[in-house]
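Visitor: I work at the bench and would like a guided look at this protein. Could we go through it together, one question at a time?

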Amino acid sequence: MQRLDRRQAILFIDASDPGAHCPVDRAEILSRFHAREGARLLSGAAAFAAMWRAIPILRPLGVVAGWSPVTPILEAGYRAFLRLRPRLQRLFP
């Protein structure tokens, strides 16, 4: 995503860095993807949609992902991915 963000519209923060500022509990930040859009702190599928909207080439995907009928479907997929993530991390260290 950082390579696609040529305008540097997104401030990427490594939440695993102990010196990084975390707006909420570090364990919560590390358990799900988070993004701030304006004054709102988003997580999960909504955070991905916000990130996509900030990158011009992905903006159409972000707009669709932010549409209220689509967001719950993406959130369900994201939650399923989170359950599989530990296994995937073991398979692809």
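A walk through the model

Visitor: R32 is found in the loop between α1 (26-31) and β1. Is R32 buried or exposed?

Guide: A word on the basis: this is a predicted model, in which local features need pLDDT of at least 70 and side-chain atom pairs count only at pLDDT 80 or more, while totals for chains, interfaces and linings use all residues. Residues are numbered from 1 along each chain as its sequence is written, and side-chain values use heavy atoms, with hydrogens and water left out. Buried means under 20% relative accessible area, exposed over 50% and partly exposed in between, with a 1.4 Å probe and protein chains only. Because its relative accessible area is 17%, R32 is buried.

Visitor: Which side chains join that of R32 in polar contacts?

Guide: A polar contact is a pair of N or O atoms within 3.5 Å; within protein, one must be able to donate a hydrogen and the other to accept it, and residues adjacent in sequence count only if both atoms are side-chain atoms. One such contact of R32, at 3.4 Å, is with the side chain of S43. Another, at 2.8 Å, is with the side chain of E75. The partners are S43 and E75.

Visitor: Which residues does R32 touch, not counting those up to four places away in sequence?

Guide: Contact here means heavy atoms within 4.5 Å. With residues up to four places away set aside, R32 touches S43, G44, E75, Y78, R79 and L82.

Visitor: Which side chain has a polar atom 2.8 Å from the backbone oxygen of R32?

Guide: Look in strand β1 (residues 34-37), where this partner has its place. At 17% relative accessibility, this residue counts as buried. The side chain 2.8 Å from the R32 backbone oxygen is that of H34.

Visitor: What is H34 in contact with, leaving aside its neighbours within four places in sequence?

Guide: H34 belongs to strand β1. Its contacts beyond those neighbours are E28, I29, L41, L42, S43 and A47.

Visitor: How are the helices and strands arranged along the sequence?

Guide: Helices (H or I, at least four residues) and strands (E, at least two) are DSSP runs, numbered from the N terminus. The protein has four helices and two strands. Along the sequence, the pattern is α-β-β-α-α-α.

Visitor: How many of the 10 residues of α2 are buried?

Guide: The buried ones are A45, A47, A49, A50, M51, W52, R53 and A54. What covers them includes β1, β2 (40-43), α3 (59-65) and α4 (71-91). Helix α2 is mostly covered, and its buried residues number eight.

Visitor: Why does A50 count as buried?

Guide: A50 lies in helix α2. Leaving aside neighbours within four places, A50 is in contact with E37 and L42. A50 counts as buried because its relative accessibility is 7%.

Visitor: Which residues make up the largest nonpolar core?

Guide: A nonpolar core is a set of buried Ala, Val, Leu, Ile, Met, Phe, Trp, Tyr and Cys residues joined through side-chain atoms within 4.5 Å. In soluble globular proteins, nonpolar side chains tend to be buried together. Here the largest core has six residues: A49, M51, W52, I55, L58 and A65.

Visitor: Where does the largest share of this core come from?

Guide: That share is three residues. They belong to helix α2 (residues 45-54).

Visitor: What does L58 touch, not counting residues up to four places away in sequence?

Guide: L58 is one of the core residues. Beyond its sequence neighbours, L58 touches M1, L4 and W52.

Visitor: What value is phi of Q8 near?

Guide: Q8 is found in the segment before α1 and, at 68% relative accessibility, counts as exposed. Most residues other than glycine have a negative phi, and most peptide bonds are trans. Q8 has a positive phi, near 55 degrees.

Visitor: How many Å separate the C-alpha atoms of P93 and A49?

Guide: P93 lies in the segment after α4 and counts as exposed, at 94% relative accessibility. Along the chain, P93 and A49 are 44 residues apart. Their C-alpha atoms are separated by 27 Å.

Visitor: And what share of the 93 residues of the protein counts as buried?

Guide: For scale, the C-alpha trace spans about 35 × 30 × 25 Å along its principal axes. Of the 93 residues, the buried share is 28%.
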